[in-house]
Amino acid sequence: MDLGTEKNDELQVGVITQTHGIRGEVKVFPTTDDANRFKKLKEVILDTGRERLEMEIEGVKFFKQFVILKFKGYDSINDVEKYKQGKLLVTRDKAVRLQKDEYFVADMIGMRVVTDTGEDFGILKEVLATGANDVYVVSREDGKEVLLPAIKECIKTMDMDGHVMEIHVMDGLL
């Protein structure tokens, strides 16, 4: 995970977990909040770690928590076997539109976290999706991690341009 503060022009939407059947389909674990977004995607960038390929999506199905994708020109299990664990990316211009107070996790990682009393608190290291609300993992200067609930009582402001999050340290948090 890139902890730098530069903005990434690509966002991860899924990871290929395995092949599905023998006709070139792959099972994808979605890393996006809304797996239905795959219905609207025409292409993705496949990052295998060794190479990056533009893949045209020919078919989309859903199975349990997975998305089943068929890429154009890949018609057998042998064509896609080598892409297991490959990351699927989209360019920022193909990303879903965000609502007010929604942010891409990739843009938040590395943010400086300060308290509403002006103290440096740490650096945002990770965002965990827990179901009820997200949880922000903040790395403190002493190396310890603090888990912050992504709720209005705790997260006061998000300055995406300045890359700073202001928080209120609630009783019992530390």
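A pocket, as the word is used here, is an open set of grid points where a 1.4 Å probe fits, with protein on both sides within 12 Å along at least five of seven lines. With that in hand, the largest pocket of this predicted model comes out at about 1,900 Å³ of space. Its lining runs to 50 residues, and those that lie nearest the centre are Thr-31, Tyr-103, Phe-104, Val-105 and Ala-106. Several elements chip in with at least two lining residues each: strands S1, S3, S6, S8 (120-129), S9 (134-139) and S11, along with helix H2 (105-108).

Now to the strands themselves. Strands of a sheet pair through backbone hydrogen bonds, and they can do so either parallel or antiparallel. In this model, six strands close into a barrel, and going round it the order reads S1-S2-S5-S4-S3-S6, with antiparallel pairing. From one strand to the next, the twist averages 45 degrees.

A few of the barrel's seams can be picked out. S1 and S6 run antiparallel and are joined by five bridges; within that pairing, Gln-12 stands opposite Leu-89 of S6. On the S3 side, strand S3 (residues 43-47) pairs with S6 in the antiparallel sense over three bridges, and here Asp-47 has Lys-87 of S6 as its bridge partner. Elsewhere in the barrel, strand S2 (residues 25-30) and strand S5 (residues 66-71) are held by four bridges, again antiparallel. Glu-25 finds its bridge partner in Lys-70 of S5.

Leu-88 offers a handy view of the barrel from a single residue. It sits in strand S6 (residues 87-91), and Leu-88 counts as buried because its relative accessibility is 0%, against a cut-off of under 20% for buried residues. Setting aside neighbours within four places in sequence, Leu-88 is in contact with Leu-11, Gln-12, Val-13, Gly-14, Ile-16, Val-28, Val-44, Ile-45, Leu-46, Leu-69 and Phe-71. Gly-59, by comparison, is 29 residues away from Leu-88 in sequence, and their C-alpha atoms are 15 Å apart in space.

The other group of six strands forms an open sheet, ordered S10-S9-S8-S7-S12-S11, and the pairing in this sheet is mixed. Its edges are strand S10 (145-149) and strand S11 (155-159), each of which pairs on one side only. The twist in the open sheet averages 35 degrees from one strand to the next. At the S11 edge, four bridges tie S11 to strand S12 (residues 164-167), and these two run antiparallel. One methionine faces another in this pairing: the bridge partner of Met-158 is Met-165 in S12.

That leaves the charged side chains. Side chains of opposite charge can pair when their charged atoms come close. The structure holds ten salt bridges in total. One of them joins Glu-10 to Arg-52, with the closest N and O atoms 2.4 Å apart. Glu-10 lies in strand S1 (residues 10-20) and Arg-52 in strand S4 (residues 52-63), so this pair ties together parts that are 42 residues apart in sequence. Neither end of the bridge is buried: Glu-10 is partly exposed at 22% relative accessible area, and Arg-52 is partly exposed as well, at 43%. The pair also belongs to a network of salt bridges that links Glu-10, Asp-47 and Arg-52. Asp-47 thus turns up twice in this account, since Asp-47 is also the residue bridged to Lys-87 in the pairing of S3 with S6.

Two further salt bridges deserve a mention. The side chains of Glu-81 and Lys-84 meet at 2.8 Å, N to O. Both are partly exposed, Glu-81 with a relative accessible area of 35% and Lys-84 with 36%. Asp-120 bridges to Arg-112, and here the closest N and O atoms are 2.7 Å apart. In this pair, Asp-120 counts as exposed at 56% relative accessibility, whereas Arg-112 is partly exposed at 38%.

How values were computed. Residues are numbered from 1 along each chain as its sequence is written. This is a predicted model: local features need pLDDT of at least 70, side-chain atom pairs count only at pLDDT 80 or more; totals for chains, interfaces and linings use all residues. Side-chain values use heavy atoms; hydrogens and water are left out. A salt bridge is a side-chain nitrogen of Lys or Arg within 4 Å of a carboxyl oxygen of Asp or Glu. Buried means under 20% relative accessible area, exposed over 50%, partly exposed in between (1.4 Å probe, protein chains only). Contact means heavy atoms within 4.5 Å. Two strands pair if DSSP finds at least two bridges between them. Axes are lines fitted to C-alpha atoms, for helices over the stretch in contact, and angles run from 0 to 180 degrees between N-to-C directions. On a 1 Å grid over the protein atoms alone, a cavity is a set of points where a 1.4 Å probe fits but cannot get out, and a pocket is an open set with protein on both sides within 12 Å along at least five of seven lines; lining residues have an atom within 4 Å of a point. Grid points are joined across faces, edges and corners, and a volume is the space filled by probe spheres set on the points.
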